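Reader: Please take a close look at the charged side chains in this model and go through their pairing. Which ones are paired, which one is not, and how open to solvent are they?

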Amino acid sequence: MLRGRPTEVGWFVSCYLVEVAEYRIGQAAELLGVSVDTVRRWADGGRLKITLRAGGRRYVDGADLARLATELAGEQRRDNPPKQSARNRFLGIVTRVTKDGVAAQVEIQSGPHRFVALITREAADELELEPGMVADAVVKATNVGVELPSEF
């Protein structure tokens, strides 16, 4: 927790506290979809800020983790950027394709994230989708909900 300096305003003195999110190395690795060793290498190389706690536990600064996650997402597609309006893209592997007469259900695993897309059977046939293929899960929605996990 960071503590701010008290500021004097008239006769009143205010003091503020700012909580900074910190994550254990394993949690950071899970959020980034990489191994614990990769997070440690990035920390040792200065790519990610680490704070040491009593007992030698290492924690990743939440703001710096968010910065790196955004940077990594940009690196994934920098070489061949897609020409579409959707900005939320998750590169992954197709794990399942289920087709019926009109629709197809496509499951894509991207790091720790599983996406399920419902598309037309015609589109699935044209793309020749099958398990093992690399594909982007493209998310474009007018409503996005946010929930906080009960534990993390």
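Author: Glu 71 is a suitable place to start: with a relative accessibility of 28%, the residue counts as partly exposed. On this scale, buried is under 20% relative accessible area, exposed is over 50%, and partly exposed is in between (1.4 Å probe, protein chains only). The model is predicted, and local features need a pLDDT of at least 70, side-chain atom pairs count only at 80 or more, and totals for chains, interfaces and linings use all residues. Residues are numbered from 1 along each chain as its sequence is written, and side-chain values use heavy atoms, with hydrogens and water left out.

The partner of Glu 71 is Arg 47; the two form a salt bridge in which the closest N and O atoms are 2.9 Å apart. Arg 47 sits in the loop between α2 (36-44) and β6 (50-52), while Glu 71 belongs to helix α3, so the definition of the elements matters here: helices (H or I, at least four residues) and strands (E, at least two) are DSSP runs, numbered from the N terminus. The pair links distant parts of the chain, 24 residues apart. Arg 47 has a relative accessible area of 24% and is therefore partly exposed. A salt bridge, as the term is used here, is a side-chain nitrogen of Lys or Arg within 4 Å of a carboxyl oxygen of Asp or Glu. Side chains of opposite charge can pair when their charged atoms come close. The structure holds 9 salt bridges.

Arg 47 and Glu 71 do not stand alone. Together with Asp 64 and Arg 67, Arg 47 and Glu 71 are linked in a network of salt bridges. Asp 64 is placed in helix α3, which covers residues 62-77. Asp 64 has 7% relative accessibility and so counts as buried. Between Asp 64 and Lys 49 the C-alpha to C-alpha distance is 6.5 Å, with 15 residues of sequence separating the two.

Lys 49 also comes up for an acid that is left unpaired. Asp 61 lies in strand β7, residues 58-61. Asp 61 is buried and has no salt bridge; Lys 49 is the nearest side chain of opposite charge, at 5.6 Å. For that comparison, Lys and Arg count as positive and Asp and Glu as negative, with His and the chain ends not counted. What the side chain of Asp 61 does reach is the backbone nitrogen of Asp 64, at 2.8 Å. This is a polar contact: N or O atoms within 3.5 Å, one able to donate a hydrogen and the other to accept it, where residues adjacent in sequence count only if both atoms are side-chain atoms. Asp 64 thus appears twice, as a member of the network and, through its backbone nitrogen, as the atom reached by the side chain of Asp 61.

A further group is centred on Glu 107. Arg 96 forms a salt bridge with Glu 107, with 3.8 Å between the closest N and O atoms. Here too the pair links distant parts of the chain: Arg 96 is in strand β8 (residues 88-99), Glu 107 is in strand β9, and 11 residues separate the two. Arg 114 meets Glu 107 as well, in a salt bridge of 3.4 Å from N to O. How buried or exposed are the members of this group? Glu 107 has a relative accessible area of 8% and is therefore buried. Arg 96, at 47%, is partly exposed. Arg 114 counts as exposed because its relative accessibility is 53%.

Glu 122 is one more acid to place. Glu 122 is found in helix α4, residues 121-127. With a relative accessible area of 56%, Glu 122 is exposed. Its C-alpha is 9.7 Å from that of Lys 99, and the two residues are 23 apart in sequence.

For contrast, here is an uncharged side chain. Gln 27 is located in helix α1. Gln 27 is buried, at 8% relative accessible area, and its side chain reaches the backbone nitrogen of Arg 24 at 3.0 Å. Helix α1 covers residues 25-32, and its buried residues are Ile 25, Gln 27, Ala 28, Ala 29 and Leu 32. Just after α1 comes Gly 33, which takes a positive phi of about 75 degrees.
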